[in-house]
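Dear colleague,

I am handing over the structure we spoke about, and it is placed just below so that you can have it open while you read. After it I set out what was found, strand by strand and then for the spaces inside and the loops.

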Amino acid sequence: MNNFRVRILATNKVYYEGECVSLVVPTTTGMIGIMAHRSNVICIIKPGIATISVSGEKKEKVYLGPGLLKVENGEVIMLVESAEDPDRLEEVRERARLEREEEIKLQKKSLREYRIAQAKLAQSVNKLKESNRERL
């Protein structure tokens with residue numbers, strides 16, 4: 001069988017770069033199968049599991065977030081929001097949830113610090129006004 005080059009580029013890493021025999025990807029119009037010498041195409045990837053057949057029997061699965069797929073000149077490039085091993089998907093989701101919670105805490109802390117600074121500034125302005133009145 002003929003091989004072709006595939007690159008899966010997530011926003012934070014290069015997930016896969018190498019040769020494969022076939023590729024099956026979830027798109028907005030359904031699953032698309034790609035083999036060597038496929039005509040040029042661009043399509044929208046919808047979140048789901050893609051299958052990469054590296055050799056006759058070896059298949060790798062990857063969970064893809066939303067993105068774009070381009071087949072051009074015998075090469076496939078996928079630009080996706082995320083690409084993860086399906087077995088680690090729960091761990092990745094949990095880590096993302098914890099990061100979001102931490103960001104919310106930091107924003108609340110920042111807002112609290114802003115309000116404290118605002119109150120201190122108002123106190124300083126009032127003291128200056130009082131000191132100016134006493135001088136007059």
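To begin with strand S1, one of its faces is covered and is made up of Phe-4, Val-6, Ile-8 and Ala-10, while the uncovered face carries Arg-5, Arg-7 and Leu-9. This fits the general pattern that, in a regular strand, side chains alternate between the two faces of the sheet. Please keep in mind throughout that this is a predicted model, and that what follows is computed from it.

S1 has two neighbours to describe. With strand S2 (residues 14-20) S1 pairs in the antiparallel sense over six bridges, and the two strands form a hairpin with three residues between them. Within that pairing, Ile-8 has Tyr-16 of S2 as its bridge partner. S1 is also joined to S9 by six bridges, but here the strands run parallel, and Val-6 has Val-76 in S9 as its bridge partner.

Strand S3 (residues 22-27) deserves a similar look. Five of its six residues are buried, so S3 is largely enclosed by the rest of the structure. S3 runs antiparallel to S4, with six bridges joining the two, and they form a hairpin with two residues between them. S3 is joined to strand S6 (residues 48-53) as well, through three bridges and again in the antiparallel sense. Leu-23 illustrates both pairings, since it stands opposite Ile-34 in S4 and opposite Ile-52 in S6.

Leu-23 also has a wide set of contacts: leaving aside residues up to four places away in sequence, it touches Phe-4, Val-6, Ile-32, Gly-33, Ile-34, Thr-51, Ile-52, Val-76 and Met-78. In the largest nonpolar core, which has 23 residues, Leu-23 is one of those that touch the most other members, together with Ile-8, Leu-64 and Met-78. Strand S1 (residues 4-10) gives the largest share of this core, four residues. As a general background, nonpolar side chains in soluble globular proteins tend to be buried together.

The next residue along, Val-24, lies in strand S3 too. Is Val-24 buried, partly exposed or exposed? Its relative accessibility is 32%, and because the partly exposed class runs between the 20% and 50% cut-offs, Val-24 counts as partly exposed. Val-24 touches Met-31, Ile-32, Gly-33, Ala-50 and Thr-51, again without counting residues up to four places away in sequence. Val-24 and Lys-61 are 37 residues apart in sequence, and their C-alpha atoms are 9.6 Å apart in space.

Turning to the spaces in the model, there is one cavity of 30 Å³ or more, and the largest cavity holds about 30 Å³ of space. Its lining consists of Phe-4, Ile-34, Met-35, Ala-36, His-37, Arg-38, Val-71, Gly-74, Glu-75 and Val-76. By class, these lining residues divide into six nonpolar, two polar and two charged. Strands S4 (30-35) and S9 (75-80) each supply at least two residues of that lining.

The largest pocket has a volume of about 340 Å³. Its lining numbers 16 residues, of which Ser-82, Glu-84, Val-92, Arg-93 and Ala-96 are the closest to its centre. Helix H1 (residues 89-135) provides the largest share of this lining, namely six residues. Sorted by class, the pocket lining has five nonpolar, four polar and seven charged residues.

Finally, two loop residues call for a look at their backbone angles. His-37, which is among the residues that line the largest cavity, sits in the loop between S4 and strand S5 (41-45), and its phi is near 70°, a positive value in a residue other than glycine. With a relative accessibility of 68%, His-37 counts as exposed, the cut-off for that class being over 50%. Asn-73 is found in the loop between strand S8 (67-72) and S9, and it too has a positive phi for a residue other than glycine, near 55°. The relative accessible area of Asn-73 is 68%, so Asn-73 is exposed.

With best wishes

Methods: Residues numbered from 1 in each chain as written. Predicted model: local features only at pLDDT ≥ 70, side-chain atom pairs only at ≥ 80, totals over all residues. Heavy atoms only, no water. 1 Å grid on protein atoms, 1.4 Å probe; cavity = no way out; pocket = protein on both sides within 12 Å on 5 of 7 lines; lining within 4 Å. Points joined across faces, edges and corners; volume = space filled by probe spheres on them. Nonpolar A, V, L, I, M, F, W, Y, C, P; charged D, E, K, R; others polar. Core = buried A, V, L, I, M, F, W, Y, C linked by side-chain atoms within 4.5 Å. Buried < 20%, exposed > 50% of the residue type's maximum accessible area, 1.4 Å probe, protein only. Contact = heavy atoms within 4.5 Å. Pairing = 2+ DSSP bridges.
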